[in-house]
Amino acid sequence: MLKLEDLTKSFEATTVLDNISLDLESGETTVILGPSGSGKSTLLRCLNLLETPQSGTLSIEGDLVEFGGKLTDEQVRTIRKHSAMVFQSFNLFPHYTALQNVALAPVLNGKMNKKDANRLASDLLDKVGLGAKKDSYPDNLSGGQQQRVAIARALAVSPDYLLFDEPTSALDPELEAEVIGVLIDLAREKRSLVVVTHNMAFAQKVADRIVFLEGGHVLYNGRPEGFFSSTNERIRRFLNIFETV
């Protein structure tokens, strides 16, 4: 389980997350929704300590960290070992092939030797439909293919939770569909996914839980059926934007 209690994050005088408390079950797909500036990406980045909250607690699979002072390197490593992040901008190493990008982390963190890591990377590239592209460099891959390599790279470290920060926002609809297909497959495998997205079709079809943020507060936390049928005025306004596009 991933558990947040009274999590607060500010940037200078602006409070972006205000006393957030959430329990996210393992094996579920949690989709985080909300308008721009609501704190979605900041919340996601707090889960693996790319951003450090000012107060509150974070617990992942029994490992607990309490915020309010400077964290030790050991505390950061302990929390980060549970998750892997997939960014909207791919963040692949341009001078490495797809296979090398995926195999790198298991070698660097000492979990595998190079031979075993390459075998794993090849299997994961097959899994995301890119087995034929393992020797290609990022510049020779489409945006959708690069994002699928990034997903394979995240899977290579066997994380408890996969964190996705708007993974399809930089893609056109056809390439977006490629990546969404991989996410759907991972959800069906009961991987633990936390996804910030504006793709309402994905949220409605795949999510086990919807978290809707507004102004740094949780306005909704529950099943997708309840969210998409909500009579809450703010949620209806948000959904109406997508229904009229």
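Tyr96 is partly exposed, because its relative accessible area is 26%. Tyr96 belongs to this predicted model as one half of an aromatic pair with Phe93. The ring centres of Phe93 and Tyr96 lie 5.7 Å apart. Their planes meet at 55°, so the pair is tilted. Phe93 is partly exposed too, with 37% relative accessibility.

A second pair has another geometry. Phe212 and Phe238 sit edge-to-face. Their centres are 5.0 Å apart, with 65° between the planes. Phe212 belongs to strand S9 (residues 209-214), while Phe238 belongs to helix H9 (residues 233-243). The pair therefore ties together parts that are 26 residues apart in sequence. Both of these Phe residues are buried. Phe212 and Phe238 also belong to a cluster linked by ring pairs, together with Tyr220, Phe227 and Phe228. The structure holds five aromatic pairs.

Helix H9 also carries Leu239. Is Leu239 buried or exposed? Leu239 has a relative accessible area of 3%, which makes it buried. Setting aside residues up to four places away in sequence, Leu239 touches Met200, Phe227 and Phe228. Phe227 and Phe228 are members of the ring cluster, so this part of H9 can be read alongside it in the viewer. For a sense of span, take Leu239 and Asp126. They are 113 residues apart in sequence, and their C-alpha atoms are 36 Å apart.Now step back to the whole chain. It has nine helices and ten strands. The radius of gyration is 18 Å, close to the 18 Å that the globule rule gives for 245 residues, so the chain is as compact as a globular protein of that length. Along the principal axes, the C-alpha atoms fill a box of roughly 50 × 45 × 30 Å. Of the 245 residues, 51% count as buried. Take the contacts between residues at least 6 apart in sequence: 63% of them join residues at least 24 apart. The chain exposes about 11600 Å², and carbon and sulfur atoms supply 47% of that area. Charge comes next. There are 26 positive and 32 negative side chains, and the centres of the two sets lie 4 Å apart.

Helix H1 (residues 40-47) is a good place to look at burial. Six of its eight residues are buried, so H1 is largely enclosed by the rest of the structure. The buried residues are Lys40, Thr42, Leu43, Leu44, Cys46 and Leu47. A charged residue type, Lys, is thus on that list. After H1 comes Leu49, with a positive phi near 65°.

Positive phi deserves a word. Most residues other than glycine have a negative phi. Glu61 is not a glycine, yet its phi is positive, at about 50°. Glu61 sits in the loop between S4 and strand S5 (63-67). Its relative accessibility is 36%, so Glu61 counts as partly exposed. Ser158 also has a positive phi of about 50° and is not a glycine. Where is Ser158 placed? Ser158 lies in the loop between helix H5 (143-155) and strand S7 (161-165). With a relative accessible area of 57%, Ser158 is exposed.

Strand S4 (residues 55-60) contains Ser55. Ser55 counts as partly exposed, because its relative accessibility is 29%. Which residues does Ser55 contact, leaving aside neighbours within four places in sequence? They are Asp6, Leu7, Thr8 and Phe67. Asn19 is 36 residues from Ser55 along the chain, and the two C-alpha atoms are separated by 8.4 Å.

The last stop is Thr97. It is found in the loop between strand S6 (83-86) and helix H3 (98-108). Its relative accessibility is 8%, so Thr97 counts as buried. Beyond neighbours within four places in sequence, Thr97 is in contact with Lys134, Asp135, Ser136 and Tyr137.

Conventions: Residues numbered from 1 in each chain as written. Predicted model: local features only at pLDDT ≥ 70, side-chain atom pairs only at ≥ 80, totals over all residues. Heavy atoms only, no water. Helix = DSSP H or I, 4+ residues; strand = E, 2+ residues; numbered from the N terminus. Rg over C-alpha atoms; globule rule 2.2 N^0.38 Å. Buried < 20%, exposed > 50% of the residue type's maximum accessible area, 1.4 Å probe, protein only. Contact = heavy atoms within 4.5 Å. Areas by Shrake-Rupley, 256 points an atom, 1.4 Å probe, with all protein chains shown as cover. Lys, Arg positive; Asp, Glu negative; His and termini not counted. Charge placed at Lys NZ, Arg CZ, Asp CG, Glu CD. Phe/Tyr/Trp six-rings, centres within 6.5 Å; stacked < 30°, edge-to-face > 60°.
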